Amino acid sequence: MAFNNEQFKDILAEFTIGGERLREIAATFRQDLQLGLRDVTLSSMRMLKSYVGLPSGKERGEYLALDFGGTNIRVFRIRLDGDGKYEIVKRVGRPLVVPGEYDYICKDATAEQMFDFIAELVDEAIDGDHDTKYYLGHTFSFPSTQDNLYNARLIIWTKEFATQGVEGEVANDLLVAALKRRDAANVEPVAVLNDTVAVLLSAAYKTPDTFIGSIYATGHNTCYLEPTIHDPKGVGKGGMILNLECGNFSKLVPNRFDAEYDERSEKPGEQRFEKMVSGRYMGELLGMAIAELLGEKGKQYGLTSVDMSMMILDESENLTKASDIIMAKVGRELDFEDVQKVRELASAIVIRSARLVAASFVALVWQRAGSGKIVRQHVAVDGSVYEKMPLAKENITRAISELLGEDASKVDTILDNGGSGLGAAIAAAMAVEGNA
Ligand code: GLC
């Protein structure tokens, strides 16, 4: 059965954002941000205080960094040498899920099991040394409220995590208890931060004029330095970094696929923006579009963003790779024309995602500029979608140009690979050194 062309065009249009709509979206995002600055309950974003501003770049010393935000847990020992220099002394990592073996993120897993697993990894990073004092920075990349640099309390799991007994708890307290159970109380968590904040700290440590940090990966979220907020319990300069939790931005009109996916997701109504743009969801959206075209609406094929990227990258004459992926996941052998259409849809979904992300960056650039001029600056981004997904980066740049016109030459996005680890070490150093 070949795809119906009208239906295909209609679906393609659902995933296309023209110039005017893009501008409206950026303006709406900024409005939502401004509402939140006045009264956070008015914004669809959580706009969480981080209690940290920018680093001086002079931070020094050896710190532990725990990166906990996706299915891979990583722990680093990092030596900061000041002047934007550092060295990773040790790095260990392990997934929280190994299918058929264990799964610490499912509903049946407990907080204790999850944090014991993490503490074991921390122990490995310090080679079982239970004597030396280690200060740890913890990148905990889930929406959490905090009123100092240590005590992030998980509001709600995102990214389809479901482990019991963590929501409502202070992540560092769970970690401290697990470290005690392992006899590793010489490791002291001193700072907790979102991965977006970690990326911004890491980029700003190395590259001045960076005020916006973003993750564009399994999940999506952005933070920025808000110059008007200061808190005596905070450290760092230039104001306070706000973790927007813009994955939850919801003042956008979703298309029918977005709406349907949301309904059957782990947390309906939550993370509407993230479900439109991030790597965790793009493959699912493509699967839903294919199911509609094949007349099997509701069927799920388990397509991932990696599948999408391989299909888009397949420029071979017969689209062999793309056809193979469709065969393996969808279970059908499609005509060449239909494989081409699937590739077009995959591209449209990626391009929409990149344009939406770019609109949010521009909203922040406008916000920081206020009524003044836009200054030269970098937007630091980390994450597999930004780094590896074909079409993502170039479409962010294109959309920024569309929105900023001449000023676009002042704003670029830079990859800050591994910022989650380095940023955590920097935050730990800032916590220990204070504002000295
Ligand atoms: C999700 C989390 C957020 C995190 C983002 C990227 O949106 O809620 O805290 O920054 O994923 O990992």
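In this predicted model, the ligand is surrounded by 15 residues, of which K159, N194, D195, E245 and E274 come nearest. By residue class, the shell around the ligand comprises three nonpolar, eight polar and four charged residues.

Polar side chains approach oxygen atoms of the ligand at several points. For E274, an N or O atom of the side chain is placed 2.4 Å from a ligand oxygen atom. The side chain of K159 likewise has an N or O atom 2.8 Å from an oxygen atom of the ligand. For T158, a polar side-chain atom and an oxygen atom of the ligand are separated by 3.0 Å. The ligand taken alone exposes 300 Å², and 98% of that area is buried by the protein.

The position of the ligand can also be described in terms of pockets, secondary structure and domains. The space that the ligand takes up is the largest pocket. Among the secondary-structure elements, helix α5 (195–206) and strand β12 (220–226) each contribute at least two residues to the shell. At the level of domains, the shell draws residues from both domain 1 (1–48 + 206–417) and domain 2 (51–193), and the ligand therefore lies between the two domains.

Definitions and conventions
Residues are numbered from 1 along each chain as its sequence is written. This is a predicted model: local features need pLDDT of at least 70, side-chain atom pairs count only at pLDDT 80 or more; totals for chains, interfaces and linings use all residues. Side-chain values use heavy atoms; hydrogens and water are left out. A residue is near a molecule or strand if one of its heavy atoms lies within 4 Å of it. A polar contact is a pair of N or O atoms within 3.5 Å; within protein, one must be able to donate a hydrogen and the other to accept it, and residues adjacent in sequence count only if both atoms are side-chain atoms. Accessible areas come from the Shrake-Rupley method with a 1.4 Å probe; for residues, only the protein chains shown count as cover. On a 1 Å grid over the protein atoms alone, a cavity is a set of points where a 1.4 Å probe fits but cannot get out, and a pocket is an open set with protein on both sides within 12 Å along at least five of seven lines; lining residues have an atom within 4 Å of a point. A molecule sits in a cavity or pocket if more than half of its atoms lie within 2 Å of its grid points. Helices (H or I, at least four residues) and strands (E, at least two) are DSSP runs, numbered from the N terminus. Ala, Val, Leu, Ile, Met, Phe, Trp, Tyr, Cys and Pro count as nonpolar, Asp, Glu, Lys and Arg as charged, and the others, Gly among them, as polar. Domain bounds come from an automatic or database domain assignment.
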